[in-house]
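Open the model in a viewer and keep the selection panel at hand. The stops below are given in the order in which to select them.

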Amino acid sequence: MSERTVFEYALLRVVPRVERGECFNAGVLVYCRAKSFVAARTHLDERKLRALDPHADVVGVQAALRAVEGVCCGGDAAGQAAGDDAGRRFRWLIAPRSTVVQPGAVHSGLTTDPEAEVERLLDLLVR
């Protein structure tokens, strides 16, 4: 049996009209320091988005979610964060912001497989 390690995660919320504060989950960020792992998986439910804001910029929201995934991947897709380690990229992504895509609170757990944890949390909390 593999050794379990601590991981942290935060949900990505879509807040179509920031002034109203209504939101829904559209992704998950997972960070595991012991494995230098950070990843994000997203799933935009356009029906929920349109229910909260019929005039929402679907393409813009999808681009913002893809950008989070890109920062997690590092390299050219991470933009200014390209040279940062996994922990710095995760901490930057979970910083509070007042935008349409916002991180939620950070939670922790134990896992033997951070990559599988990303998919499990996406299925459990987003889809």
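Start by colouring the predicted model by pLDDT. Among the elements of the protein, helix α3, residues 86-93, has the lowest mean pLDDT, at 93, while strand β2 has the highest, at 98. For the protein the average pLDDT is 93, and 99% of the residues score at least 70.

**Stop 1: the aromatic rings**

Stay with these two elements and select Y31 and F90. Y31 belongs to strand β2 and F90 to helix α3, so this pair ties together parts that are 59 residues apart in sequence. How far apart are the ring centres of Y31 and F90, and at what angle are the planes? The centres are separated by 5.2 Å and the planes meet at 20°. Planes under 30 degrees apart count as stacked, so the pair of Y31 and F90 is a stacked one. Both residues are buried. The structure holds two aromatic pairs, and Y31 with F90 is one of them.

**Stop 2: a charge over a ring**

Next select W92 and R97. The charged end of R97 is placed over the ring of W92, at 5.2 Å from the ring centre.

Keep R97 displayed and add Q102, since R97 is among the residues that Q102 touches. Beyond the residues up to four places away in sequence, Q102 also touches L11, L12, R13, V15 and V18. Q102 is part of strand β4. Is Q102 buried or exposed? Its relative accessibility is 11%, so Q102 counts as buried. Its side chain reaches the backbone oxygen of T99 at a distance of 3.0 Å.

**Stop 3: the end of strand β4**

Follow strand β4, which covers residues 101-111, to T111. T111 has a relative accessible area of 4% and is therefore buried. Which backbone atom does the side chain of T111 reach? The partner is the backbone nitrogen of D113, at 3.0 Å. Now show the surroundings of T111, leaving aside neighbours within four places in sequence: the contacts are E3, R4, T5, F7 and E117.

**Stop 4: a loop residue**

Select S36, in the loop between β2 (24-32) and β3 (37-42). S36 is not a glycine, yet its phi is positive, about 50°. With 60% relative accessibility, S36 counts as exposed.

**Stop 5: helix α2**

Move on to E69 in helix α2, residues 58-73. Apart from neighbours within four places in sequence, E69 is in contact with A40, R41 and T42. E69 counts as partly exposed, at 23% relative accessibility. To A95, 26 residues away in sequence, the C-alpha to C-alpha distance from E69 is 15 Å.

**Stop 6: the cysteines**

Finish with C23, C72 and C73. Why does C73 form no disulfide with C72? The sulfur of C72 is the closest cysteine sulfur to that of C73, but the distance is 6.9 Å, too far for a bond. A disulfide needs sulfur atoms within 2.5 Å. For C23 the closest cysteine sulfur is also in C72, and at 20 Å it is too far for a bond. The count of disulfides is zero. C73 counts as exposed at 66% relative accessibility, and C23 as partly exposed at 38%.

Definitions and conventions. Residues numbered from 1 in each chain as written. Predicted model: local features only at pLDDT ≥ 70, side-chain atom pairs only at ≥ 80, totals over all residues. Heavy atoms only, no water. Helix = DSSP H or I, 4+ residues; strand = E, 2+ residues; numbered from the N terminus. Buried < 20%, exposed > 50% of the residue type's maximum accessible area, 1.4 Å probe, protein only. Polar contact = N/O pair within 3.5 Å; in protein donor to acceptor, adjacent residues only side chain to side chain. Contact = heavy atoms within 4.5 Å. pLDDT = per-residue confidence, 0-100. Phe/Tyr/Trp six-rings, centres within 6.5 Å; stacked < 30°, edge-to-face > 60°. Lys NZ or Arg CZ within 6 Å of the ring centre and 35° of its normal.
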